[in-house]
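Colleague: Hey, I'm new to this one. Could you pull it up and walk me through it?

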Amino acid sequence: MDENTTTELPRGVRLEDVHGTPAVLVEIAACTAVIHRDGAHLTSWVPDGEDDVLWTSPDAVYAEGEPIRGGIPLIGPWFGPGRDGRSAPAHGWLRRRRWDLVSAERFHGWADEDADVVHSDSVAITLGLVDDDPAGDGISAQVHFAIAVDHLQVRLDITAGSAPLELEAALHTYLSVGDVRATRLHGLAGARYLDNLQDLRELTQDGEPQLTGPVDRVYDVDGPVTVHDEVLERDIVITPKCSTRTVLWNPWSDGAAHLSDMPLDAWQQFLCVETAVAKDGAVHLEPGQTHHLQARYEVSSR
Ligand SMILES: O=P(O)(O)OC[C@H]1O[C@H](O)[C@H](O)[C@@H](O)[C@@H]1O
């Protein structure tokens, strides 16, 4: 299914150009969302009654082949410069491809009165990438988004082609925060991490990390992480599945000054908490084998 599709999309889902490039728009009472086909890149998820949970740069570049600054960049099949330290482009090619829309489904909410649970309306969207591996090894990928008012779930499936693969991948999520300096974290205390600002020096996290300067760390953490936002007065819980690492990144003022696709002060408005298989947490895939990297995001206002 692509932009020329004649297949009917469910009500609340439509294809439209956003910033001049093709996107899938979700507009249901429960939430709105925007997924660009370039990079299969979710740039916005606004649950009803909330501010956008994702931060996307007002200076982001939208063009085929260009990564978008913000939202959820899909990183792979390598992370940063890769395990060999010289793979290019940085963070792999998944985010530089135009993905095809594979399916879009709408699920209507229902109340499970016995269990006293209300399931809200949701949309499930899948995009795929085939025959796009520049190395010719036939690596393919699919991403599944489940989008609702109370959660967003993203699952990136990467399948090795004809050769074995040491896979690195990440959901490089830019969470929107009121002020990163007034943000507290929970879930990283005591973990071993590699500090990318100190040549990947191995360190142990003493207490929870304090956000007082640039951070670029690969934590040996595969469990839930909570971001407490003292300005927007809300908490975002990220629950990973089939990950091995959690990457924490914010360039702060000096780092942001080198990034042409974000305003100078914009580093204050986001925190990247990335669900990953990266560095010494890469996973080995035999030809044809698939890895499912997943994160669930839940937001609650206080
Ligand atoms: O600017 P990008 O290529 O999107 O990368 C942004 C950042 O991504 C990750 O978090 C890496 O750990 C950082 O080293 C990198 O600077």
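Modeller: Here is a quick tour of the sheets, the ligand shell, the core and one loop residue.

Modeller: It's a predicted model, so to speak of local features we ask for pLDDT of at least 70, and for side-chain atom pairs 80 or more, while totals for chains, interfaces and linings use all residues. Residues are numbered from 1 along each chain as its sequence is written.

Colleague: OK, sheets. What is the strand order in the open sheet of eight strands?

Modeller: The order is 6-9-10-11-24-20-19-15, with antiparallel pairing. Strands are DSSP runs of E, at least two residues, and helices are runs of H or I, at least four, numbered from the N terminus. Two strands pair if DSSP finds at least two bridges between them.

Colleague: Which strands are the edges?

Modeller: Strand 6 (100–107) and strand 15 (183–186), each pairing on one side only.

Colleague: And how many bridges join strand 11 and strand 24?

Modeller: Eight, between residues 152–159 and residues 290–301. As one example, Arg 155 has Gln 294 as its bridge partner in strand 24.

Colleague: What about the open sheet of four strands?

Modeller: That sheet is antiparallel too, in the order 1-2-3-4. Its edges are strand 1 (13–18) and strand 4 (41–47). Strand 3 (residues 31–36) pairs with strand 4 over six bridges, and Ala 33 has Trp 45 as its bridge partner there.

Colleague: Switching topic: which residues are around the ligand?

Modeller: Pro 67, Gly 80, Ala 90, His 91, Asn 196, Asp 216, Val 247, Trp 249, Cys 272 and Glu 274. To count, a residue needs its C-beta atom, placed from the backbone, within 6 Å of the molecule. Strand 21 (245–250) and strand 22 (270–277) are the elements that give two or more residues to this shell.

Colleague: Which residues touch the most other members of the largest nonpolar core?

Modeller: Ile 35, Ile 147, Leu 156, Ala 169 and Leu 175, out of 76 residues. A nonpolar core is a set of buried Ala, Val, Leu, Ile, Met, Phe, Trp, Tyr and Cys residues joined through C-beta atoms within 7 Å. Strand 22 gives the most to this core, six residues.

Colleague: Last one: is Leu 259 buried or exposed?

Modeller: In between: Leu 259 counts as partly exposed because it has 15 C-beta neighbours inside 10 Å. Buried takes 20 or more other C-beta atoms within 10 Å, exposed 12 or fewer, with C-beta atoms placed from the backbone. Leu 259 is in the loop between helix 1 (252–256) and strand 22.
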